[in-house]
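These are my notebook entries on aromatic ring pairs and on a sheet. I began with the rings and went on from there to the strands.

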Amino acid sequence: MSDSEDMTEFASIVERIERGEVPIKNIERELICPICKELFTHPLILPCQHSVCHKCVRELLMLNHDDSFDAGSESSLPGSPRSRVPSPSMERLDRLVRSGGSRGSISSPGWRRGSVTPRVTTIPCPGCQHDIDLGERGISMLFRNFTLESIVERYRQAARAAVAIMCNICKPPNLQEATKSCMDCKASYCNECFKLHHPWGTPKAQHEYVGPTTNFRPKVLMCPEHEMEKVNMYCEVCKRPVCHLCKLGGSHANHKVTSMSSAYKILKEKLAKSIHYLISKEDQVRTQITELELLISQTEENGQLAERQANEHFERLLETLQERRSEMLRSIEQSRNRRMEQLKSQVEEYQGMLENSGLVGYAQEVLKETDQSCFVQTAKQLHVRIQKATDSLRTFHPAADTCFDEFVLDTSREETLLKEMCFGGVPDPPLIDLSQSKVYNEASISWRLADDHLPTDHHVLEYRRLIGPSQSPSQEDGEDGGFWRATDRVYGSNTLVHDLEPDTLYSFRVRSCRNSMFSPYSPEVTFHTPPAPVFGFLFSDKCGFSTERLVLNKRRDAVESVAGTAFLLAAERVQTGSYISLDYIIGDTGISQGRHYWAFKVDPHSYMVKVGVASDTKIIEWFHNPRDTSSPRYDHDSGHDSGSEDASYEVSQPFILLTLGMGKLFIPKASSSTANPPAGDPGNRVLPMPQRLGVCLDYDSSRVFFYDADTMRCIYERQVDCSGTMFPAFGLMGSGKVQLEEFIAAKRLTF
């Protein structure tokens, strides 16, 4: 086909589309809502460009966000999903959708009037399964798909061509068939009624009228965000129509936009070209449909064959198992019968030893023999038998063993093999990555797949509670409390688990799925949740922060001590017996009540780092009374061996700092550590530095706890004076670095 012929056919297709001459009877599947599976009714366009019925969106929001509705006012609102209107007028529905909850005509799901914090509503798109964020105003931000409404209406009319649209003005029995529909009046008229209600010389005579229809839509598409503005531009970033206020100061201010006419021309040309391409490839499409139908048939046959083969394998396994069962039970029966016969024979032998019976009775009769030669002839053999019976009586041994230990069957290995029995296409089990997984109030669990793995469809993470807050390791939850809970399908390699209980041991496992076949479970891993809710903060760059010796990153979740020139000059005074002071930095958020937990990493190569809590009064003393040097006896947390220091350390102080450095952690003297080392032995007060250290401040109980954050083992706890606002405090000397845990910082950074 030449280029000129191709362009002519293309133009013909566009004209046919514009005149509505394209057959509509075969497009029903495109007009079906993915939720209610019926023809679209007042469809709305989601941000992902899929359309859903207005009522279906509301019901989906109700299903996923029951707590985001105002139950007290919902039933009285016309737009509420619970007060359904059988046939709302197009004008009223358009007003409801555009106005949302701002005029009181509809309670927009995802936003509650009077709420200080707007709720962000997210629903899964039924078309593409992606999460759709509808924003604070919910469905009031969605456009109605008027084009789709018109197509659905044409389809309905084509399906009921024999049913005429009647005049809305005529009254029975003189009801007439409509010949026109007024788009301004939103009503259908016969010729006489139209002339009567649209007389010449009046404004109504200028109304727009079309052929009979029941689909009345607004002449102009209005902006859902600025209700009185017409959309006249197209945002190329968001792929949606916008008004000039959206571009001037709204959410599209920095987006690239184009005129509506230009967007209309470009998109219509693209769509028409795409349609032309598909029509030109109709033979190819039909060939591929034939191939697909053949593949469907082959899939059915191969599936039935695989099912028969699998059934045959299981039948053979059952036959083999039945044979082995019969053989092994037969062996047990034979051994039991043999032993029973031996024991019964022994019983008969011993019964012969009784008086006037058996061997003894026979011997008693022999003794009555008076002929010497005859007696000797018989008594010799009888004496041997009597002697054996006597020896057997003295050394009694059962003739057979009653124990059947050799017949105990261990089927654990076979049971494991049967449980792991799978098809050749089953994916390999994933492995939970301990280095990338963290657990706080919620768990971030990551896993990795085998290097040579094939693509998987999704993963399922399961978890269960092992030990609760008030349980000991010997009191693990039984079937009621420790059952496995499964997350939703995960299409990546990590997921979040919410609403975990504090101070609780959890077990996690994961498995993969490909073509509806699940892999074996990964090895279980356990994590212990913190003893208190996570406290979110960042390092403060305002209060006493030393820019000369401390370097804070842009996110303010990591601080590093740099031994610069100032530190070197101060070190000169070591010759006089003084000591260089610490550089302190605190969190940007204080604690005045409750129980809180945070965690961090200390670089194992750090020279000295002190971590803990301090009150606002102590912080003022540190930052507003600077000292270049300090005595080892000045601060009670210095760790030097001093009798006066140990005595004063028993008194509750407005701060507590634990010393770490050079890969070690130093337990203060006279501490109430869980390890409880001897106070006189400094070697027992030095522990390896944990990879992650956790701090828990119980403000109400005036106690602070230090944990190994990986195992949640309490290393050290102590009383602290919580008379003021307490802050996370850190002190660094020489080279050192502290990195806040990601969850601790992320919670704060989102604000």
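I started with the ring pairs in this predicted model, and the count came to 15 aromatic pairs.

The pair I looked up next was that of Tyr-440 and Tyr-597: the ring centres are 6.4 Å apart and the planes stand at 45 degrees, so I entered the pair as tilted, since a pair counts as edge-to-face only over 60 degrees and as stacked under 30. I then placed both residues, and found Tyr-440 in the loop between strand 13 (438-439) and strand 14 (443-448) and Tyr-597 in strand 25 (residues 595-602), so this pair ties together parts that are 157 residues apart in sequence.

Are these two residues buried or exposed? Tyr-440 has 2% relative accessibility and counts as buried, and Tyr-597, with a relative accessible area of 0%, is buried as well.

I followed Tyr-597 to a further partner, Tyr-707, and noted an edge-to-face pair with 6.4 Å from centre to centre and 65 degrees between the planes. Because Tyr-597 lies in strand 25 and Tyr-707 in strand 32, this pair ties together parts that are 110 residues apart in sequence. For Tyr-707 I read 9% relative accessibility, which counts as buried. Taking the ring pairs together, I found that they link Tyr-440, Tyr-597, Phe-705 and Tyr-707 into a cluster.

Since strands 25 and 32 had come up in the ring pairs, I turned to the sheet. Which order do the strands take in it? Seven strands form an open sheet in the order 21-22-35-25-31-32-33, and the pairing is antiparallel. At the edges I found strand 21 (550-552) and strand 33 (713-719), each of which has a single partner strand, so one side of each is left without a neighbour in the sheet. The twist from one strand to the next averages 20 degrees.

I looked at one edge in more detail, where strand 32 (residues 703-708) pairs with strand 33 in the antiparallel sense over six bridges. In this stretch I noted that Asp-708 stands opposite Arg-713 in strand 33.

My last entries concern charges over rings. The charged end of Arg-339 sits over the ring of Phe-404, at 4.3 Å from the ring centre, and for Arg-509 I found the charged end over the ring of Tyr-521, at 3.7 Å from its centre.

How values were computed: Residues are numbered from 1 along each chain as its sequence is written. This is a predicted model: local features need pLDDT of at least 70, side-chain atom pairs count only at pLDDT 80 or more; totals for chains, interfaces and linings use all residues. Side-chain values use heavy atoms; hydrogens and water are left out. Two strands pair if DSSP finds at least two bridges between them. Helices (H or I, at least four residues) and strands (E, at least two) are DSSP runs, numbered from the N terminus. Axes are lines fitted to C-alpha atoms, for helices over the stretch in contact, and angles run from 0 to 180 degrees between N-to-C directions. Rings of Phe, Tyr and Trp (its six-membered ring) pair if their centres lie within 6.5 Å; planes under 30 degrees apart count as stacked, over 60 as edge-to-face and the rest as tilted. Buried means under 20% relative accessible area, exposed over 50%, partly exposed in between (1.4 Å probe, protein chains only). A charge sits over a ring if NZ of Lys or CZ of Arg is within 6 Å of the ring centre and within 35 degrees of the ring normal.
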